[in-house]
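Let's take a friendly walk through one sheet and the helices around it. Have the structure open and follow along.

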Amino acid sequence: MKARMCCAGLRNLLQGLSFSAKYYSKHNSPQTVCLFSKIAPKKCHILGCSKSTCTHRTAPPGSILPCRFFSCKQEGTKVLSKRKQNTSMVTSELLHKSLLKSEQKNWNNISPRYKAMTKRIREKLEELHNMYTLNSRSPRIRFGENVYFEENGCIFLAKADDGEGNAKILFSIEDLGFSDAFIQRIRISADQRYMAISLKSENSEEATCIIMKLGNLPVVEKVIPSVFSFEWAANDVLYYTAQKNLKCQNVFMTTFTYQKLTKLVYTEQDARFFVDLYCTKDRRFLTINSNSKTTSEVWLVDCRHPFESPALVQARTTGLMYHVEHRKDQLYILTTYGEPAEYKLMKAPVASRGKENWQLVYALERKTKLVDFEMFSDDCIMFLKNAGHLYLNVISFVSHSVQSIKLPTWACEFELESHPEHTTSTCYFQLSSPVHPPKRFAYSFKENNLIEQAVQEVPIITNCHTTRLLAKSKDETLVPITVFHNKNSKELHRRPLLVHVYGAYGIDLNMSFKEEKLMLIEEGWILAYCHVRGGGEQGLSWHRDGCQHNKLKGLHDLRACIRLLHQEGFSQPKHTALAAASAGGVLAGALCNADPALLRAVVLQAPFVDVLNTMMKTHLPLTIEEQEEWGNPLEDEKCMKYIKSYCPYQNIKPQCYPSVFITAYENDERVPLTGILQYVQKLRKAALDHASRTSKKGNWIPNIILDVQANGSHCDSSWEHSLNEGCEVP
C-alpha cells in the first residue's frame, strides 16, 4: 500500500506545522500492488503517440496485498429498519457534508499565505526531477529477436540487433481512447500475435484490460473492464481475475481464435483471500494464487493443456504460505513450511507436489528478509535484506552452490528489470536509496560476478552520509534505523529531523530514490527511517511480532527510535516531525496520544486513524481479511480492549499536541474520508480545550490542518500529481 507522504515545512517548524510539502515523498509504504481503476474507453483506432506516463510495477508471484484497503461505506453494524436506515444515512451524509465544507473553508483561508514559498519549492523540484530522470527508461521485454517497450504512452517494437532508433510504434493508449490513463501491466502471448495491457487512471481504483491483435495494423480484439491480473496460458488463451468491491475472487478464461468463449474457471469462497495470477518463468504453468495475510493456496494450469481444470499444489493450511516456480519437471516452492516459519526454497516433483514431498534446497538466515526472487534456467537469484544491508544470493542448480554478494552499502532499495528471459546469461537490476538516484547493475551467470554498469548517466551523490543505528525497545528488542544527512551539516542537534514510519502488513518502508528527499537533504534536514515491528524488514517474524495483539510493540519501537535519535545528537523534539501514510497513521497517531512531547509536527497521508470502528463493521468489503492484521473485536473482547488501547481516534484527550497536517482524498475507497474528518474535529477540540485551560502558562496552540483533495487516489504515484499536490499546499 505501497501512499504518498507529507513532511513539515522548511522554515517554520518552531511555530508548528505551518505548511505541508507532501511532495517530499510520494510513497512511504513499500511500493507494491495497488488495486486499479475502471476506465471507460472513448474510441478504438490506431494513430499517433500520447504524453501519458507509465509504470510497470506489478506484484511478485503470489504476493500478498500490503495496504489497508478500506471501503468508503459508512453504515453501522446493526441492521436497521428501512425508515431508520434512511434517516441514519441522511443524517450521516449531512454531517459529512458539513464537516467537509468547514475543512475546505479552513484550507482556503490558509493556503494563499505561502504562495511564494510553494513557487520556489516547485521550481527546485522540477530542476531536480529533470536532472535525475533525464536518461531514465521503461523496462524492455525481449522475445527472441524482438524487443517491446513503452515510452510516453506508446508501445514500441524494435529488433534486438537493430537498436531502438529504428523502433516502430505499434499503438498508443491515447488512440485507444485512454488519454488520461497509464499502462500498469503488459503481457505478450508466446507466439507474439496478441498483447494484453491494463490501463489505469490516476483518480480511480480499477483497471481496464485491452487485448490487441498484433500485426502490420494492430487492432483491438477485446476490452475487459475491472481486471486486476492476467496471464497468457497459451497463444490465444488468456486467464484474468475480475475485481469487484476491491476484491479479486473469480478467475476467468477467454479465447480469441476458432471457438471464442469466456468462462469462469475458479472462485474463491473465503472473503479473507485475494486471488491473482502468475506464469512460471519457463511458461510451463500458469499459477492461480489465493492468499490471505497468513495463508496461501496455489493451483496449476498446464499451459500445454489450458482447457483442463486447474490442479491443486497443496491445500491451504493455516499459517502456511507458499509460492511456486517450475524447472525441468520440478516445482520450486518458496514457503514458510517447517521451522522456523520463515521463507525457504524447497522442491518437489510435479507429479508428487504435496508438502510431504517437499525437499529443502536453501533456507534463509535468521532475521533475513526475502525482498525478491527470480528463476532462471540453471540458477535462481534471491535479493535479501539483513541488518539493513542488501545482498544478492545466487543458487546454482547445476553446481549446487550458493554465492552471496553484499551489494553497495549505500543501497537501500532494488528494482529488478521486468521480464528477464528465462535463458538469459545476465540479470539486470537497479539500486537506489531515498537520496541516491537509481544505478544500474548486472549479474553475469557466465562470469559468476556482479558488474557495475560503466556508464553513469546521472550525477553521483557524494555529500550525503548514511548511518545505521539500533534502538533498544521496551522489551530489549533492537530496532533498526536508517539515517541520512548532509556531510557538510554542522550542529546536527539543531537541524530539523523528519522521521518516517509504517509498521504494518510485513511491508518495508519505501526507500527508493525521490527527488524531494534529496531536496530536503540539501535544505539541511535529517531523514530517519524507523524499521519498527509490524513491517517486514527482518523477515516474517518481524511482522508477526507487530500485528494483532502485538501492535503496541510497534509503538514502543517508534518511541525508542526517536529517543535514540535525539540522544545521538540528531535534532531534538522541538525540531522533529513525524511522517506516515495509510496504516502507518496508526502508530503515528498513537504516538501523538501517548508521547506528544517527542514531536513538534506530524504529517499524515490518507491515514488509518480509527481502527476500532472500522474493524467492527464486517459488512465492509475488506474488514474480514484485515482481521489477520488487526484482530476481530466483535468476537474477542480482549481484542476489542487491546485495539481501543492504541487506536488513535479512541485515545484523543486534552493535552499539548504537536501540529498536525493531514492530506486526504475525497473519493478514497480505502480510507473513508468521514473517519478522517471526525478525527480532525476531535483532535482540534482536544488541543483547544487544553490550550484554554493552560493559557496563562503560555502554551502554544498547535495547527490542526486537513487538506481534502477532490482528485487523486490512495495509490497514485505519478510525478505530475505529486508536484501539483505539493504546490497546492501552504
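## The sheet

In this predicted model, eight strands form an open sheet with mixed pairing, in the order S28-S29-S31-S30-S32-S33-S34-S35. The edges are taken by S28 (464-472) and S35 (704-709); each has a single partner strand, so one side of each is left without a neighbour in the sheet. On average, neighbouring strands here are turned by 20° against each other, direction ignored.

Strands of a sheet pair through backbone hydrogen bonds, either parallel or antiparallel. For a pair to look at on screen, try S29 (residues 478-486) and S31 (residues 526-530), which run antiparallel and share four bridges. Within this pair, Val 483 has Ala 528 of S31 as its bridge partner.

## Helices packed on the sheet

Helix H5 (residues 551-567) packs on the sheet and touches S28, S29, S30 (497-500), S31 and S32 (576-581). The direction of H5 makes about 125° with that of S28.

Helix H10 (residues 673-693) also packs on the sheet, where it touches S34 (659-665) and S35. The direction of H10 makes about 160° with that of S35.

## An enclosed helix

How many of the eight residues of helix H3 (residues 515-522) are buried? Seven are, so H3 is largely enclosed by the rest of the structure. Here "buried" means under 20% relative accessible area. The buried residues include the charged-letter names you might want to find by eye, Glu 515, Glu 516 and Lys 517, along with Leu 518, Met 519, Leu 520 and Ile 521.

Just after H3 comes Gly 524, with a positive phi of about 100°.

Key: Residues are numbered from 1 along each chain as its sequence is written. This is a predicted model: local features need pLDDT of at least 70, side-chain atom pairs count only at pLDDT 80 or more; totals for chains, interfaces and linings use all residues. Side-chain values use heavy atoms; hydrogens and water are left out. Two strands pair if DSSP finds at least two bridges between them. Helices (H or I, at least four residues) and strands (E, at least two) are DSSP runs, numbered from the N terminus. Axes are lines fitted to C-alpha atoms, for helices over the stretch in contact, and angles run from 0 to 180 degrees between N-to-C directions. Contact means heavy atoms within 4.5 Å. Buried means under 20% relative accessible area, exposed over 50%, partly exposed in between (1.4 Å probe, protein chains only).
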